[in-house]
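User: I would like to go through the reasoning behind some of the labels attached to this model. Please set each value against its criterion.

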Amino acid sequence: DDIIEIVSASGLRGRGGAGFPTGAKWRSIVDAAIDSPTYLVCNAAEGEPATFKDRTLLARNPFGVIEGMLIAMHAVGVERAYVGIKQRFDELQRMLDARDAFVEAGWPRAADIRIVGGPDEYLFGEESAMLEVIEGKLPLPRILPPYQTGLFATMRQLNPTVVNNVETLSHVTQILREGADWFRQMGTTEAPGTMVFTVLGDVARPGVYELPLGTSIRRLVVDLAGARDIQAIYAGTSNS
């Protein structure tokens, strides 16, 4: 309860596109569980075109992601956790190595994290389709969302499942270390903290940028990435 309160007080929103408050998502899973097991899934599929900000986080600091998962596992009380990542990503091995390092170091519950390689299809990144792949099925979306019908659900046990993406769980690690007030020093009142952006195309400095939420697209694309004579901008988000 204390951990969920800290995450809620920080104002952290999901960094996968929908921007749903992370603390509220965790609390809803706890409240929905009743006598049913719960699960956690880290969405690392990153299927949007020309987007690799989550892969950058996995390559540079997979330990921050694993620790964020362990925090979420403890807070929500999940039975097991999974990382859904495309089989072709080099970062899959980075996550396996990081998980094994946590197990070897004796971190509680680290051995309950499974790394699942999935197909290259775009739909794999949709959260309910990712659950299907983890269960050994095709990457096809479900009718009901994971918090209503989760992993390995049956008619008697719905197994509500929380799905967070890589960047969201990375922020959780920092929030638990530095505190909710520290996180709120950046960004806006409604959307605190920073966010990681991929910029590609006809720019002088393509790459991955971390900026406070509320930063204008002009600041990102023109001032930092060095775009000139802009004709059009395609803005997209990672899944879940």
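User: In this predicted model, which residue of E2 is the bridge partner of cysteine 42?

Analyst: The partner of cysteine 42 in E2 is valine 83.

User: What makes E1 and E2 a pair of strands?

Analyst: Pairing requires at least two bridges between the strands, and E1 is joined to E2 (residues 80-86) by five bridges, with the two strands running parallel. The criterion is therefore met.

User: How do you know that E1 also pairs with E4?

Analyst: The threshold is again at least two bridges, and five bridges link E1 to E4 (residues 161-165), also in the parallel sense. Within E4, valine 163 stands opposite valine 41.

User: Why is E1 called largely enclosed?

Analyst: Five of the five residues in E1 (residues 39-43) are buried, so the strand is largely enclosed by the rest of the structure. In a regular strand the side chains alternate between the two faces of the sheet. Here both faces of E1 are covered, since Tyr39, Val41 and Asn43 on one side are buried, as are Leu40 and Cys42 on the other.

User: Why is threonine 38 called buried?

Analyst: Its relative accessible area is 4%, and buried means under 20%, so threonine 38 qualifies. This residue lies in the loop between helix H2 (22-33) and E1, and its contacts include Ile29, Ala33, Val76 and Pro160.

User: What makes the approach of threonine 38 to glycine 77 a polar contact?

Analyst: The side chain of threonine 38 reaches the backbone oxygen of glycine 77 at 3.3 Å, and the limit is within 3.5 Å, so the distance satisfies the criterion.

Methods:
Residues are numbered from 1 along each chain as its sequence is written. This is a predicted model: local features need pLDDT of at least 70, side-chain atom pairs count only at pLDDT 80 or more; totals for chains, interfaces and linings use all residues. Side-chain values use heavy atoms; hydrogens and water are left out. Buried means under 20% relative accessible area, exposed over 50%, partly exposed in between (1.4 Å probe, protein chains only). Helices (H or I, at least four residues) and strands (E, at least two) are DSSP runs, numbered from the N terminus. A polar contact is a pair of N or O atoms within 3.5 Å; within protein, one must be able to donate a hydrogen and the other to accept it, and residues adjacent in sequence count only if both atoms are side-chain atoms. Contact means heavy atoms within 4.5 Å. Lists of a residue's contacts leave out its neighbours within four places in sequence.
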